[in-house]
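Here's a quick briefing on the model shown below. Have the viewer open as you read, and click through the residues as they come up.

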Amino acid sequence: MKISISLLLTLSVAIVLFFIFISMLRPAEPLNGGSVYEVRVVNGFTNNSSLPLVIWCASKDSELGGRALQEHDDFSWRLKTNIWGTTHFWCTMKWDQMRKSFDAFKASRDAYRCGTARKCFWLVKEDGFYFSNDEVNWQKDFPWY
């Protein structure tokens, strides 16, 4: 009886250590299903108080709707990636005569770019669209035209 209890205890410890070891070896997979990301689009215009920036966003599975953003207003949402790494949200922006559609979140592009905090920020300005994963370091991604 003594031998079987110690054998059972040793086997249990070995199994626990095995699973801990395997979980440490497995590489981080940013495209794994179920990763939650935050996406935020901010009106960064400096003088559009009389004319709001209009935003409308959607994915193939859901429509997030539209908003009229005054200066410094934002539109944000959380999303959960799918197992295939194909999660995709796009937005259409309109201000005065300018109109632009862009990929607000595309798993194949943003899984790494949004950082370990999984935050994807967009700042829309008169000269274009800027991206950041920390709201401090902005990089211009593309112009309106």
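Trp144 has 3% relative accessibility, so this residue counts as buried. Keep in mind that this is a predicted model. Trp144 shares an edge-to-face ring pair with Phe45, and both belong to one aromatic cluster, so let's start there and work outwards.

**Aromatic rings**

- The structure has twelve aromatic pairs. In the pair of Phe45 and Trp144, the ring centres are 6.2 Å apart and the planes stand at 75°; over 60 counts as edge-to-face, so that's the label here.
- What does this pair tie together? Phe45 sits in the loop between strand 1 (36-43) and strand 2 (53-59), while Trp144 is in the segment after strand 9 (139-142), so the contact links parts 99 residues apart in sequence.
- Phe45 is buried too, because its relative accessibility is 0%.
- Trp122 and Phe142 make a tilted pair, with 6.0 Å from centre to centre and 50° between the planes. Trp122 belongs to strand 7 (residues 119-125) and Phe142 to strand 9, so this pair bridges parts 20 residues apart in sequence.
- Are Trp122 and Phe142 buried or exposed? Both Trp122 and Phe142 are buried.
- Which residues make up the aromatic cluster? Phe45, Trp95, Phe102, Trp122, Phe129, Phe131, Phe142 and Trp144 form it together.

**Charges over rings**

- Arg113 lies over the face of Phe131, 3.8 Å from the ring centre. Phe131 is one of the residues of the aromatic cluster.
- Lys125 places its charged end over the ring of Tyr130, at 5.1 Å from the centre.

**Overall layout**

- The chain is built from two helices and nine strands. Starting at the N terminus, the order of elements is α-β-β-β-β-β-β-α-β-β-β.
- Of the 145 residues in the chain, 34% are buried.
- If you count contacts in the chain with a separation of 6 or more, 52% of them come from residues 24 or more positions apart.

**The five-stranded sheet**

- What is the strand order in the open sheet of five strands? The order is 4-1-7-8-9, and the pairing is mixed.
- Why is one side of strand 4 and of strand 9 left without a neighbour in the sheet? Strand 4 and strand 9 are at the edges and each has a single partner strand, so nothing in the sheet flanks the other side.
- On average, neighbouring strands of this sheet are turned by 25° against each other, ignoring direction.
- Strand 1 and strand 7 run parallel and are joined by six bridges. As one register check, Arg40 has Phe121 in strand 7 as its bridge partner.
- As general background, the strands of a sheet pair through backbone hydrogen bonds, either parallel or antiparallel.

**The hairpin of strands 5 and 6**

- Strand 5 and strand 6 (residues 98-106) pair in the antiparallel sense, with eight bridges between them. Thr92 stands opposite Ser101 of strand 6.
- The hairpin has two residues between its strands, and Asp96 takes a positive phi near 55° there.

**Positive phi outside glycine**

- Most residues other than glycine have a negative phi, so positive values deserve a look when you go through the backbone torsions.
- Asp96 isn't a glycine, yet its phi is positive at about 55°. It lies in the loop between strand 5 and strand 6, and Asp96 counts as partly exposed because its relative accessibility is 40%.
- Arg118 also isn't a glycine, and its phi is a positive value near 55°. Arg118 is in the loop between helix 2 (107-113) and strand 7; with 31% relative accessibility, it counts as partly exposed.

**Around Thr86**

- Where does Thr86 sit? Thr86 is in the loop between strand 4 (74-80) and strand 5 (88-95).
- The side chain of Thr86 makes a polar contact of 2.9 Å with the side chain of Asn82.
- Thr86 and Lys106 are 20 residues apart along the chain, and 7.1 Å separates their C-alpha atoms.

Methods
Residues numbered from 1 in each chain as written. Predicted model: local features only at pLDDT ≥ 70, side-chain atom pairs only at ≥ 80, totals over all residues. Heavy atoms only, no water. Helix = DSSP H or I, 4+ residues; strand = E, 2+ residues; numbered from the N terminus. Polar contact = N/O pair within 3.5 Å; in protein donor to acceptor, adjacent residues only side chain to side chain. Phe/Tyr/Trp six-rings, centres within 6.5 Å; stacked < 30°, edge-to-face > 60°. Buried < 20%, exposed > 50% of the residue type's maximum accessible area, 1.4 Å probe, protein only. Lys NZ or Arg CZ within 6 Å of the ring centre and 35° of its normal. Pairing = 2+ DSSP bridges. Axes fitted to C-alpha atoms, helices over the stretch in contact; angles between N-to-C directions. Contact = heavy atoms within 4.5 Å.
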